[in-house]
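Trainee: Hi! Could you walk me through this one while I have it open?
Mentor: Happy to, let's take a look together.

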Amino acid sequence: MTDLATGERTFAETIERDQRVEPRDWMPDGYRKTMIRQIAQHAHSEIIGMQPEGGWITRAPSLRRKAILLAKVQDEAGHGLYLYSAAETLGADRGDLTRRLIEGRQKYSSIFNYPTLSFADVGVIGWLVDGAAICNQVPLCRSSYGPYARAMIRICKEESFHQRQGYELLMTMMRGSDEQRAMVQDAVDRWWWPSLMMFGPPDADSPNSAQSMAWRIKRHSNDDLRQRFVDMSAPQAEALGVTLPDPALKWNAEREHYDFGAIDWDEFKKVISGGGPLNRERIAHRKRADDEGAWVREAAAAHARKQREGARA
């Protein structure tokens, strides 16, 4: 058993050498709690994130689009399972994490509380929402906690594919009718600012960011990641032929970055606190799915018990 002083020294050296912390390694309680909170929030976001696009599976305009959307929603379910498994390596219980989500004691990304009003939203979610996720998550492939970092490698590869799928859908719609182009522009207008909020509050108002960076859980600040996303998205919007809904957006040659307008952080706080357009509906749907799946979990547990009893006999 590792004594406290030795554990603290070994942990500090592991972080300093930019090596991975593994499940059986000693770690501070604060690190463990931070990792469980972050991984759980990420897992919840993947599972709740199935809902906005999942509602369009039966209304997809073609069999090809339906197959693409089915595959994407299935990927998101897989991401959630990878991440819940990573949280379990820290001693978390998957059922407890689900209860915490349903009871409002753990959060998920605010972006998934907005409605999807047209099929163009499916493309914009792929382009902007998954694009923001890629900016945020690629550095997490180098996170200091090993199981999380390794899970992120596959997740990021799949998210990158989702982003390209979304952009391809929008390019197809922009080559279509005036009505289709208007649908794309409307969706961009609605999703742009919530996408910028995905990176979290400004660094000055982020209570966990500095410590997470010191522990090398994350590698870049919220504001740096948000700037990367804007710099990536603005040229893509121009190529797509849509206008991002920000009159302040312009290239700053001196900074070599795009300047952009002020974000409505009051809206972010309202949505993240449960006051968004679809917070109640999203959680109610998740609770219903959990209730309806209880018999499956009970049957699996009973089968596992029977197998153990048979092995002992």
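Trainee: Which residues of helix α5 are buried?
Mentor: One thing before I answer: this is a predicted model. In α5, which covers residues 94-102, the buried residues are L97, T98, L101 and I102.

Trainee: And where do they sit around the helix, looking down the axis of α5?
Mentor: They fall within an arc of 135° when you look down that axis, so they line one face of α5.

Trainee: Okay, what does that buried set pack against?
Mentor: Three helices: the buried residues of α5 pack against α2 (29-48), α4 (63-88) and α12 (279-292).

Trainee: What goes on at the start of α5?
Mentor: Look at D93 there. One of its side-chain oxygens comes to within 3.1 Å of the backbone nitrogen of G95. Past the other end, just after α5, you'll find G104 with a positive phi of about 80°.

Trainee: Let's move to α2. Is H44 buried or exposed?
Mentor: H44, which is part of helix α2, is buried, and its relative accessible area is 0%.

Trainee: Which residues does H44 touch?
Mentor: Leaving out residues up to four places away in sequence, H44 touches G49, Y84, L97, T98, L101, Q106, K107 and Y108. You've met L97, T98 and L101 already, as buried residues of α5.

Trainee: Nice! What about Q41, how accessible is that?
Mentor: Q41 is in helix α2 as well. Its relative accessibility is 31%, so Q41 counts as partly exposed.

Trainee: And which residues does Q41 touch?
Mentor: With residues up to four places away in sequence set aside, Q41 touches K107 and Y108. Try finding Q41 and Y108 on your screen: they are 67 residues apart along the chain, yet 5.0 Å separates their C-alpha atoms.

Trainee: New topic, α6 and α7. How do their axes cross?
Mentor: The axes of α6 and α7 (residues 146-174) come within 7 Å and cross at roughly 145°. The crossing is left-handed. Residues of α6 in this contact include V122, W127 and I134, and those of α7 include I155, Y167 and L170. Altogether, the contact residues of α6 and α7 divide into 12 nonpolar, 8 polar and 2 charged.

Trainee: And how do α6 and α10 cross?
Mentor: For α6 (residues 120-137) and α10 (residues 222-240), the axes come within 10 Å, again with a crossing of roughly 145°. This crossing is right-handed. On the α6 side, the residues are W127, L128, G131, A132, C135 and N136, and they meet residues of α10 including L225, F229 and M232. The residues of the contact of α6 with α10 divide into 9 nonpolar, 4 polar and 1 charged.

Trainee: Last thing: which loop is D18 in?
Mentor: D18 is in the loop between α1 (4-16) and α2. Its phi is near 60°, a positive value in a residue other than glycine. Most residues other than glycine have a negative phi. D18 counts as partly exposed, with 37% relative accessibility.

Trainee: And what is the phi of R216?
Mentor: R216 has a positive phi of about 60°, and it is not a glycine. You'll find R216 in the loop between α9 (209-214) and α10. At 24% relative accessibility, R216 is partly exposed.

Trainee: Great, thanks for the tour!

Methods: Residues numbered from 1 in each chain as written. Predicted model: local features only at pLDDT ≥ 70, side-chain atom pairs only at ≥ 80, totals over all residues. Heavy atoms only, no water. Axes fitted to C-alpha atoms, helices over the stretch in contact; angles between N-to-C directions. Helix = DSSP H or I, 4+ residues; strand = E, 2+ residues; numbered from the N terminus. Left-handed = near helix turned anticlockwise from the far one by under 90°. Contact = heavy atoms within 4.5 Å. Nonpolar A, V, L, I, M, F, W, Y, C, P; charged D, E, K, R; others polar. Buried < 20%, exposed > 50% of the residue type's maximum accessible area, 1.4 Å probe, protein only. Arc of directions from axis to C-beta. Polar contact = N/O pair within 3.5 Å; in protein donor to acceptor, adjacent residues only side chain to side chain.
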